[in-house]
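Open the model in your viewer and keep the sequence panel visible. The tour goes from a pair of helices to a sheet and ends at a single residue.

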Amino acid sequence: MYVIPAAINRPVKFINQAYIRIGSYTRLLKEFPEKESKIWNRKDIIRFELQLAKENIDADSIVSLLDTQTYFDLLKLPYPSNRQGVIDKFISENLIIKKTSKYSITNLGAILFAKNLEEFPDLKRKAIRVIVYKHNNKIETVREQIGGKGYVSGYQGLIDWVNSQLPANEEIGKAFRDDKRMYPEIAVRELLANAIIHQDFEEKGFPMVEIFSDRIEITNPGIPLI
């Protein structure tokens, strides 16, 4: 069986010939120039999150590639007793879709719950990149970390790692010493969440966290939709 993709900005051709369905008949597209012009003028209406990150895989691959456990844990839902229950829930959330007997993972499913973004070539440059510099400029890098997980699966680990790299002051209390980070965790958490969500997902480029001795800079690619 051949699956013919929907025409988005140009006609789909078979052996250099484009066809179109007219009623119950398949006709040559060139015989209907007004319909052909509509195809060429049609804008790409498939939103980024519903585009497919990986196609034609089975249910075992879904569970292997996506962190399904985290989804149910965060929503405080019991994990389904069988794999089909997991698949059905992910389909209902547009994280995966079913085509014939196979499944496809959407960009939404992959960018949020990927166990390893390297498995999704079109999305791996959307991983969060954190760079720590020695001073207040970019001349000397101390360390660099690129997140490998989806945004939801790896978010808490990202927050913990960024906080561990921030400059800290030691405060001495009545009985104990305590390290106070330069920036409150709640502020870092909010800024990172906004940078991730409000980036231009059509632009290639990492969301960046750059930590200097006197500041932290958080940037994302493209121009925000808002």
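This is a predicted model. Select helix H6 (residues 151-165) and helix H7 (residues 185-197): their axes come within 10 Å and cross at roughly 140 degrees. H6 is therefore oblique to H7. The crossing of H6 past H7 is right-handed.

Now show the side chains where these helices meet. On H6, pick Tyr151, Tyr155, Gln156, Leu158, Ile159, Val162 and Asn163; on H7, their partners are Glu185, Val188, Arg189, Leu192, Ala193 and Ile196. Sorted by class, this contact has nine nonpolar, two polar and two charged residues.

Keep H6 selected and add the strands S7, S8, S11 and S12. H6 lies across these four, at about 10 degrees to S7. The strands form an open sheet with mixed pairing, in the order S8-S7-S11-S12. At its edges are strand S8 (141-146) and strand S12 (216-219), each paired on one side only. From one strand to the next, the twist averages 10 degrees.

Next, zoom in on S7 and strand S11 (residues 208-211), a parallel pair with four bridges. Ile131 stands opposite Glu210 of S11.

Last, select Glu119. Where does Glu119 sit? Its place is the loop between helix H5 (107-113) and strand S7 (129-133). Glu119 is partly exposed, because its relative accessible area of 39% falls between the 20% and 50% limits. Beyond its neighbours within four places in sequence, Glu119 is in contact with Lys54 and Leu65. For a distance across the model, pick the C-alpha atoms of Glu119 and Ile211: they are 28 Å apart, with these positions 92 residues apart along the chain.

Terms used:
Residues numbered from 1 in each chain as written. Predicted model: local features only at pLDDT ≥ 70, side-chain atom pairs only at ≥ 80, totals over all residues. Heavy atoms only, no water. Helix = DSSP H or I, 4+ residues; strand = E, 2+ residues; numbered from the N terminus. Buried < 20%, exposed > 50% of the residue type's maximum accessible area, 1.4 Å probe, protein only. Contact = heavy atoms within 4.5 Å. Axes fitted to C-alpha atoms, helices over the stretch in contact; angles between N-to-C directions. Parallel < 35°, antiparallel > 145°, perpendicular 65-115°, else oblique. Left-handed = near helix turned anticlockwise from the far one by under 90°. Nonpolar A, V, L, I, M, F, W, Y, C, P; charged D, E, K, R; others polar. Pairing = 2+ DSSP bridges.
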